[in-house]
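Visitor: I am new to looking at protein models, and I would like a close look at one part. Could you take me through how the helices pack together?

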Amino acid sequence: MQTHNQSEGHQQHPISVYFKVWGLLFVLSSFSYLVDILQLQGALRWTLILVFMFLKAGLIVAIFMHMVWERIAFVLAILSPPLCLLVLIGLMASEASYTHLNRLIFFN
Amino acid sequence: MTTDSPATGDGVNGLITDWASDKDAFKRVSWGKTMMWIFLLSDTFIFSCFLVGYMSVRMTTAEAWPNASEVFALTIAGEHLPLLLIAIMTFVLITSSGTMAMAVNCGYRRQPKQAAMLMLVTAALGVCFVGMQAFEWTKLITEEGVRPWGNPMGAAQFGATFFMITGFHGFHVSIGVIYLIIVAAKVWRGDYRERGYEIVEITGLYWHFVDLVWVFIFAFFYLW
């Protein structure tokens, strides 16, 4: 990865890499659309949606946004802060299930 | 942020020496690119808050959530096609991400005319996306009767979260189109002949981010 003219800070990479990722994104999007067309339900549906979503997001950030070619100091500074969102998601999910339970008990 | 001090070491050693160098931590990353990434990081938190809010109301509601697959279905020539418009919008946005990546590549190859043309193609695809979104909103409001405070299909919060999340994303796409056109015009005019074409990459970061957000909206709002 040091070969790609990185000393000047340029992110110049072979065009073929972009075409491959472009194609992969199309394929992955078709797969996520198929999940709905085939009307898969339950845990299988949610797993597939998440898998395709993270693969697509990873490809965009890594290749199109050049993160695989950046230095680790920069990658960590940008990509690690969003991890604290997991705490927010966890807190909100537990709060929401509690509210839902109460609504079922008292509103219905 | 100029790269005055030399970068020493790679991998974990590089991480330690970069942060311990007491000066610029981000070697080989220009000031403009760093700032764009930090802006995108803050935008990540905004969109995440919207999506977490959507998760909360969807989990708390005691009513059934409208089936997005049916709500966004299109009937073309008597054929009932679930989520068709959303799928087309997704493909349009991915295509635009591809043309943007090509534009960045052309910029670094010092082919400014091609880079500017590809950026304009990207902007045109962005306009196409926003146009389809406008069509979707119109259909939802006039035909399906979806309002931010209620809808005939189920849980009342559906409209509020839909209009807020897709509206904010559409706003980002619209701003991105304007941004692309301005930078493309400046590239075409030759403003960056001296400074180099990193500006195309920075603009590209914003555009890929808009595509990235759509990946999450598509998964959580339309497919879940």
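Guide: Happily; we will begin with the two chains, then move in to the helices of chain B and how they pack.

Please keep in mind that this is a predicted model. Chain B is built from 7 helices and 2 strands, and their order along the sequence is α-α-α-β-β-α-α-α-α. Its C-alpha atoms fill a box of roughly 65 × 40 × 25 Å along the principal axes. Of the 224 residues in chain B, 35% count as buried. If you take the contacts in chain B with a separation of 6 or more, 67% of them join residues 24 or more positions apart. Chain A has 4 helices and 0 strands, so to speak a plain α-α-α-α run from its N terminus. Among the 108 residues of chain A, buried ones make up 19%.

Now for the helix pairs. Let us start with α2(B) and α7(B). Their axes come within 10 Å and cross at roughly 10°. Since angles under 35 degrees count as roughly parallel, α2(B) is roughly parallel to α7(B). The crossing of this pair is right-handed. On the α2(B) side, the residues that meet α7(B) include Met36(B), Trp37(B), Leu40(B), Phe47(B) and Leu51(B). On the α7(B) side, the partners include Ile202(B), Leu205(B), Phe209(B), Val213(B) and Phe216(B). Sorted by class, the contact of α2(B) with α7(B) has 14 nonpolar, 1 polar and 4 charged residues. Glu198(B) and Glu201(B) in α7(B) are part of this contact, as are Lys33(B) and Asp43(B) in α2(B).

The helix α7(B) has a second partner to show you, α6(B). Here the axes are 10 Å apart and the packing angle is about 160°. Angles over 145 degrees count as roughly antiparallel, and α6(B) and α7(B) are therefore roughly antiparallel to each other. This crossing is left-handed. From α6(B), the residues that take part include Ile165(B), His169(B), His172(B), Val173(B) and Leu180(B). They meet a set in α7(B) that includes Val200(B), Trp207(B), Val210(B), Trp214(B) and Ile217(B). The contact of α6(B) with α7(B) has 15 nonpolar, 5 polar and no charged residues. Tyr206(B), Val213(B) and Phe221(B) are worth finding on your screen: they are listed in the contact with α2(B) and also in the contact with α6(B).

With those pairs in mind, we can look at the nonpolar core. The largest one has 58 residues, and those with the most contacts inside it are Ala103(B), Ala115(B), Met119(B), Val200(B) and Phe218(B). The elements giving two or more residues to this core are α1 (15–37) and α2 (42–64) of chain A, along with α2, α4, α5 (112–143), α6 (157–189) and α7 of chain B. The largest share, 16 residues, comes from α7(B). Take Ala103(B) as an example: leaving aside neighbours within four places in sequence, Ala103(B) is in contact with Ala115(B), Leu118(B), Met119(B), Thr122(B), Val200(B) and Gly204(B). Another core, of 7 residues, lies apart from the largest one, and its members include Phe74(A), Ile78(A), Phe26(B) and Trp37(B).

Helix α5 of chain B gives us two single residues to visit. Ala123(B) sits in that helix, and it counts as buried because it has 23 C-beta neighbours inside 10 Å. Beyond its neighbours within four places in sequence, Ala123(B) is in contact with Val177(B), Leu180(B) and Ile181(B). The C-alpha atoms of Ala123(B) and Ile181(B) are separated by 6.8 Å, although the two are 58 residues apart along the chain. Glu136(B) is also in helix α5 of chain B. With 18 C-beta neighbours inside 10 Å, Glu136(B) counts as partly exposed. Its C-alpha atom is 7.9 Å from that of Leu85(B), 51 residues away along the chain.

Finally, step back to where the chains meet. The contact takes 44 residues from chain B and 45 residues from chain A. On the chain B side, α1 (11–20), α2 (31–60), α4 (84–108) and α7 (198–223) each give two or more residues. The largest share of that side, 10 residues, comes from α4(B). By class, the chain B side divides into 26 nonpolar, 13 polar and 5 charged residues.

Technical notes. Residues are numbered from 1 along each chain as its sequence is written. Chains are lettered from A and ligands numbered from 1 in the order in which they are written. This is a predicted model: local features need pLDDT of at least 70, side-chain atom pairs count only at pLDDT 80 or more; totals for chains, interfaces and linings use all residues. Two residues are in contact if their C-beta atoms, placed from the backbone, lie within 7 Å. Ala, Val, Leu, Ile, Met, Phe, Trp, Tyr, Cys and Pro count as nonpolar, Asp, Glu, Lys and Arg as charged, and the others, Gly among them, as polar. A residue is buried if 20 or more other C-beta atoms lie within 10 Å of its own, exposed if 12 or fewer, and partly exposed in between; C-beta atoms are placed from the backbone. A nonpolar core is a set of buried Ala, Val, Leu, Ile, Met, Phe, Trp, Tyr and Cys residues joined through C-beta atoms within 7 Å. Axes are lines fitted to C-alpha atoms, for helices over the stretch in contact, and angles run from 0 to 180 degrees between N-to-C directions. Angles under 35 degrees count as roughly parallel, over 145 as roughly antiparallel, 65 to 115 as roughly perpendicular and the rest as oblique. A crossing is left-handed if the near helix is turned anticlockwise from the far one by less than a right angle, and right-handed if clockwise.
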